[in-house]
Amino acid sequence: MALAVFDKIGTAVLGAMDTFGDFAVLSGRSFAAVFKRPFDGKNLLNQFNSVGVNSIPVVVLTSLAVSMVFAVQLAFGFRQFQAEGLASQVEGLAVMRELAPVITGLMLSGRIGSAMAAELGTMQVTEQIDALECLATDPIHYLFVPRLLASMLVVPLLTVVSIYVGFWGGYLILVGVEGQSAYVYGNEFYKLLAFRDLRIAIYKSIVFGMIIALVGCWKGYRTYGGAEGVGNAPTSSVVTSSLWILISDFFLTKLLLV
Amino acid sequence: MPLIDVVNLSKAFGPKVVLSNVNLQVEEGESLVVLGGSGTGKTVLLRNIMGLLTPDSGHVSVEGKIIAQLDREELFQVRQSIGMCFQMAALFDSMTVFENVAFGLRRHHKMTEAQVRARVEECLSLVGMKDTDKLKPAELSGGMKRRVGFARAIALKPKILLFDEPTTGLDPVMTDVIGRVILDLKHELGVTTITITHDLKSAFEIADRIALLFRGECLACQAPADFKANPHPVIQQFLRGDADGPFLQDPPPPKRKSA
């Protein structure tokens, strides 16, 4: 009985190490392949388009919704202490440091990470990745690198968009509904912020972009089992990357605020 | 020295032994057809030759280079001299026919766009697929996809062509068309070919030698006439296409008498 339990635990630990090792190796190969030739500019531009331009509406809408609902809660909370003026300061702090990078990361893991997993998964089960190999093309270089670069560049840019939209989301509620002065809101929003906060948000979003692309590509690349496998890859990619975004957010916050 | 040398090749997936001590030699310019039932390791053999799988024991060498011992760059060099035609074509579905055929040329040759276009048109006309360059794979029929796959495989002017069940799932007429295309490619390009097929008609047309894989082992590798005359019961059963005999592991359902 005890042996069977140890056996199961051992198998699970070995399986987890195997999975993590595989991810680490593929990630390492992806970064090593960034500097390899040939440089495929057209492929990279396509990825910028699908990762970046097509994600703008999703990021704008979610950032607006989250910043507005956060402003509603802040206004309610600070009203209990007759400190409504603080709401805009905390709104600025929350949007810049946490809401914008995390919401952008989570939304993009759902939008682009899953798309990457589904696309590469389909390519895997239809032997298109083997065809790349047979045409003497490294799939890591051809498929992973453009997605990784696009994601690491575009997620920070969309995070900046999210911060900007977050400002106006708070404005709509605190100025438009709660009746605060627009001038005061404009000043107070940035009061607790420093340039360092924007830098932290950018650093975080670069890491989130990296997680989204690597997890999405890895889950797609390791797809097996036909249609069922292709169906599971995006789900698994979104769950894994969302989890890692939230976990890494905690450690990055602790690390970067020191 | 044979161009492709398969020496004591064994490969298993978990407990299932797919190839067991297979030996095959293919000379330059020769056309080998590999026959065998489903799941007997024919595709695994091709994937070992391409270096997509690593043998458990034994080895495959191409032009004297042992595939499993090559590093990635050396392997890619060897792969440029081999054209692989996949069972379901494996065309890149996000690209047009032109982009599919031009893919290898653009990545491995410093050619002008005009040269690439000329070579793509040449390859497409060799497989009878002229004027389809703007179509996407989703707009092609099964037989057209296979032929575009052939065009993509020959674009880099390989010395070796590997065909993985090129006629599976096609109607008899299209099967004949594909057989003719393979024959044309063999004669016009003078390449060494290994073809995996279940279609005996085209197998006997294409082959200089025919091999039969049975339960992971190579039962015979002979000239078509000798293969036909081989008295081995498995070979004779395969040639007859009869369910009764030693070929199947599980006995087939009994034949119903027609009323």
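How many residues lie between strand 9 of chain B and strand 10 of chain B in the hairpin they form? In this predicted model, the count comes to two residues, and B:Arg215 in the turn has a positive phi of about 50°. The two arms of the hairpin are strand 9, residues 209-214 of chain B, and strand 10, residues 217-222 of chain B. They run antiparallel and are joined by five bridges. Within this pairing, B:Ala211 sits opposite B:Cys221 of strand 10 of chain B.

Chain B also holds an open sheet of four strands, and here the pairing is antiparallel. Reading across the sheet, the strand order is 2-1-4-5. Strand 2 (16-26) and strand 5 (65-66) of chain B are the edges, each pairing on one side only. Strand 2 of chain B pairs with strand 1 of chain B, which covers residues 4-13, and seven bridges hold to the antiparallel sense there. To find a spot along this pair, look for B:Leu9, which has B:Val22 of strand 2 of chain B standing opposite. As a general point, strands of a sheet pair through backbone hydrogen bonds, either parallel or antiparallel.

Now for the helices. Two packed helices are generally described by the angle between their axes and the distance between the axes. For helix 3 of chain B and helix 5 of chain B (residues 142-154), the packing angle is about 30° and the axes are 7 Å apart. Angles under 35 degrees count as roughly parallel, and therefore helix 3 and helix 5 of chain B are roughly parallel to each other. The crossing of helix 3 of chain B past helix 5 of chain B is right-handed. On the helix 3 side, the contact is made by B:Val97, B:Asn100, B:Val101 and B:Phe103, while helix 5 of chain B brings in B:Val148, B:Ala151 and B:Arg152. Sorted by class, this helix-helix contact has five nonpolar residues, one polar and one charged.

Helix 3 of chain B turns up again where the two chains meet. There, 15 residues of chain B are in contact with twelve residues of chain A. On the chain B side, the elements giving two or more residues are helix 2 (72-79) and helix 3 (97-108). Helix 3 of chain B provides the largest share of that side, with four residues. As for residue classes, the side of chain B that touches chain A has nine nonpolar, three polar and three charged residues.

Note on methods: Residues are numbered from 1 along each chain as its sequence is written. Chains are lettered from A and ligands numbered from 1 in the order in which they are written. This is a predicted model: local features need pLDDT of at least 70, side-chain atom pairs count only at pLDDT 80 or more; totals for chains, interfaces and linings use all residues. Two residues are in contact if their C-beta atoms, placed from the backbone, lie within 7 Å. Ala, Val, Leu, Ile, Met, Phe, Trp, Tyr, Cys and Pro count as nonpolar, Asp, Glu, Lys and Arg as charged, and the others, Gly among them, as polar. Two strands pair if DSSP finds at least two bridges between them. Axes are lines fitted to C-alpha atoms, for helices over the stretch in contact, and angles run from 0 to 180 degrees between N-to-C directions. Angles under 35 degrees count as roughly parallel, over 145 as roughly antiparallel, 65 to 115 as roughly perpendicular and the rest as oblique. A crossing is left-handed if the near helix is turned anticlockwise from the far one by less than a right angle, and right-handed if clockwise.
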